[in-house]
Amino acid sequence: MEDRTTEQLAQDYSAMGDSISLINAVIAGDAMADDSAKDRQDCVDRNTQHLELMKAKTDWGSESMTATDAAISAGNGYTAS
């Protein structure tokens with residue numbers, strides 16, 4: 001697999017930030033509050049899986065994964081009710 005370009009890395013890191021924000025907002029009740037528990041759970045699960053896949057890539061530079069790790073942990077521990 002080829003390493004990503006600097007631009008691709010930046011775009012992927014930005015997309016990870018979007019997933020982090022959405023996971024945190026759904027868990028806090030600030031997003032998708034009117035959606036079904038199943039839809040909220042599916043959203044958190046999808047975005048958590050996205051973060052896990054992206055974090056596993058080996059060509060990251062000095063990007064911090066602290067927020068990513070926290071969102072993965074929160075997403076994996078989330079059960080919509």
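These are my notebook entries on a predicted model of one protein chain.

**Fold and overall dimensions.** I began with the secondary structure and found three helices and zero strands, which follow one another along the sequence in the pattern α-α-α. I then looked up the extent of the C-alpha trace, and along its principal axes the trace spans about 40 × 20 × 20 Å.

**Burial, surface and contacts.** Of the 81 residues in the chain, I noted that 32% are buried. The chain exposes about 5100 Å², and I recorded that carbon and sulfur atoms supply 49% of this area. For contacts between residues at least 6 apart in sequence, I found that 70% join residues at least 24 apart.

**Charges.** I looked up 6 positive and 15 negative charges in the chain, and the mean positions of the two sets lie 5 Å apart.

**Surroundings of Trp60.** My search for aromatic pairs returned one in the structure. The ring centres of Tyr13 and Trp60 are 6.0 Å apart and the ring planes stand at 65°, over the 60 degrees required, so I entered the pair as edge-to-face. Tyr13 belongs to helix 1 (residues 6-28), whereas Trp60 lies in the loop between helix 2 (37-55) and helix 3 (66-77), so that the pair links distant parts of the chain, 47 residues apart.

I next asked whether each partner is buried or exposed. Trp60 has 15% relative accessibility, under the 20% limit, and therefore counts as buried, while Tyr13, at 32%, counts as partly exposed. Finally, I checked the ring of Trp60 for a charge and found the charged end of Arg4 sitting over it, 4.2 Å from the ring centre.

Notes: Residues numbered from 1 in each chain as written. Predicted model: local features only at pLDDT ≥ 70, side-chain atom pairs only at ≥ 80, totals over all residues. Heavy atoms only, no water. Helix = DSSP H or I, 4+ residues; strand = E, 2+ residues; numbered from the N terminus. Buried < 20%, exposed > 50% of the residue type's maximum accessible area, 1.4 Å probe, protein only. Contact = heavy atoms within 4.5 Å. Areas by Shrake-Rupley, 256 points an atom, 1.4 Å probe, with all protein chains shown as cover. Lys, Arg positive; Asp, Glu negative; His and termini not counted. Charge placed at Lys NZ, Arg CZ, Asp CG, Glu CD. Phe/Tyr/Trp six-rings, centres within 6.5 Å; stacked < 30°, edge-to-face > 60°. Lys NZ or Arg CZ within 6 Å of the ring centre and 35° of its normal.
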